[in-house]
Amino acid sequence: MTRSVVLLLRCPLRLGIAADLTHFVYNQGGRILSHEQYVDPEIHHYYTRLAWDLAGVTMTDGQTATHLQEVIGEGEDTEWSLHYSDVVPRMAIFVSKEPWCLYDLLARASSGEWRVEVPVIVGNHSDLEPVARRFAIDFQAFPIDPENRAEAEQRQLDLLQGRQVDFVVLARYMQVCGTAFVGAFPNRVINIHHAFLPAFPGARPYHSARERGVKIIGATSHYATEELDAGPIIAQDTLPVSHRHSVQDLMRFGRDLEKVVLSRAVGAHIARKIIVHRGRTIVFD
């Protein structure tokens, strides 16, 4: 495959911005692969994902960024980034004891469905170390309690920095990430949980939900923030259920949804399809 690049841009809406971007690509010898756009009519903001082939481009990456800056400008509330196809993102996976999301992520990564590297799996228990060994991935355990939480998180951050990790996936990691941890990876920590929150919190949400006769169950994947389970949502899905389904049925359905929804969010992140702005996400197809 020839080398390509993805531009993610958000900025206040202005006349001709889409044409300016496409002309820029053509003028430098690029061939557009996809161009997705969205305009928020309430705040008059423009969002785009523009990908182009670099086979005919003679500019260096630095020159491309410099000239693109001239096209985009320095406007207020403007943010953009370039992502090149030959730079493979590095994903760390954090786990506790539940394996279903971990297996799904590793299967997609090892099968080639995703172009991503997994240099390390981190657990607050050692239960899933055999899974890591099966996929020939290093496993690091950091037992955490209230007394050592800050120290353990700093050691985790040191590990991630040493392994040059780009983003973190919390694959049923049953610990709350601290402010320093989330701040080190802004919009780069992806979490998954059942969608019963906040109605059915606690350790037995499926039991509580069945007692109330819920008619749908779901899962939510989002970027982690300092506020627990309140970060920008990336992906969600639901499944209809009825009084005929047992608690065990609901839990099984929930596990399947969590795998699919988390992988959908991770896949979108790897493919550079997400823009975060004002606490919510724009997720391109």
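Which hand does the crossing of helix 3 and helix 8 have? I will come to that after the two sheets.

First, what we are looking at. This is a predicted model, in which local features need pLDDT of at least 70 and side-chain atom pairs count only at pLDDT 80 or more, while totals for chains, interfaces and linings use all residues. Residues are numbered from 1 along each chain as its sequence is written, and side-chain values use heavy atoms, with hydrogens and water left out.

Some terms. Helices (H or I, at least four residues) and strands (E, at least two) are DSSP runs, numbered from the N terminus. Two strands pair if DSSP finds at least two bridges between them. In general, strands of a sheet pair through backbone hydrogen bonds, either parallel or antiparallel.

Now the sheet of 4 strands. It is open, has antiparallel pairing, and its order is 2-3-1-4. Strand 2 (31-40) and strand 4 (79-84) are the edges, each pairing on one side only. From one strand to the next, the twist averages 10°; angles run from 0 to 180 degrees between N-to-C directions, and axes are lines fitted to C-alpha atoms, for helices over the stretch in contact.

Take strand 3. Antiparallel to it runs strand 2, joined by 9 bridges, and Gln37 has Thr48 as its bridge partner there. The hairpin of these two strands has 4 residues between them, and in it His44 takes a positive phi near 55°. Strand 1 (residues 4-12) also pairs with strand 3 in the antiparallel sense, over 9 bridges, with Arg49 as the partner of Leu8.

How many residues of strand 3 are buried? The count is 9 of its 9, where buried means under 20% relative accessible area, exposed over 50%, and partly exposed in between (1.4 Å probe, protein chains only). In a regular strand the side chains alternate between the two faces of the sheet. Here His45, Tyr47, Arg49, Ala51 and Asp53 point one way, and Tyr46, Thr48, Leu50 and Trp52 the other.

Helix 2 (residues 61-72) lies across strand 1, strand 3 and strand 4, at about 155° to strand 4.

Next, the sheet of 7 strands. It is open too, with mixed pairing and the order 7-6-5-8-9-10-11. Its edges are strand 7 (138-141) and strand 11 (233-240). Strand 8 (residues 167-170) and strand 9 (residues 189-194) pair in the parallel sense over 3 bridges; Leu170 has Asn191 as its partner. Helix 8 packs on this sheet, touching strand 5, strand 8, strand 9, strand 10 (216-223) and strand 11. Contact means heavy atoms within 4.5 Å.

Back to the opening question. The crossing of helix 3 and helix 8 is right-handed: the near helix is turned clockwise from the far one by less than a right angle, whereas anticlockwise would be left-handed. The axes of helix 3 (residues 100-110) and helix 8 are 9 Å apart, at an angle of about 40°. The two helices are therefore oblique to each other, since angles under 35 degrees count as roughly parallel, over 145 as roughly antiparallel, 65 to 115 as roughly perpendicular and the rest as oblique.

Last, Ser263, which lies in helix 8 (residues 247-270). Is Ser263 buried or exposed? Ser263 counts as buried because its relative accessibility is 4%. Not counting residues up to four places away in sequence, Ser263 touches Asp104, Leu105, Arg108 and Trp114.
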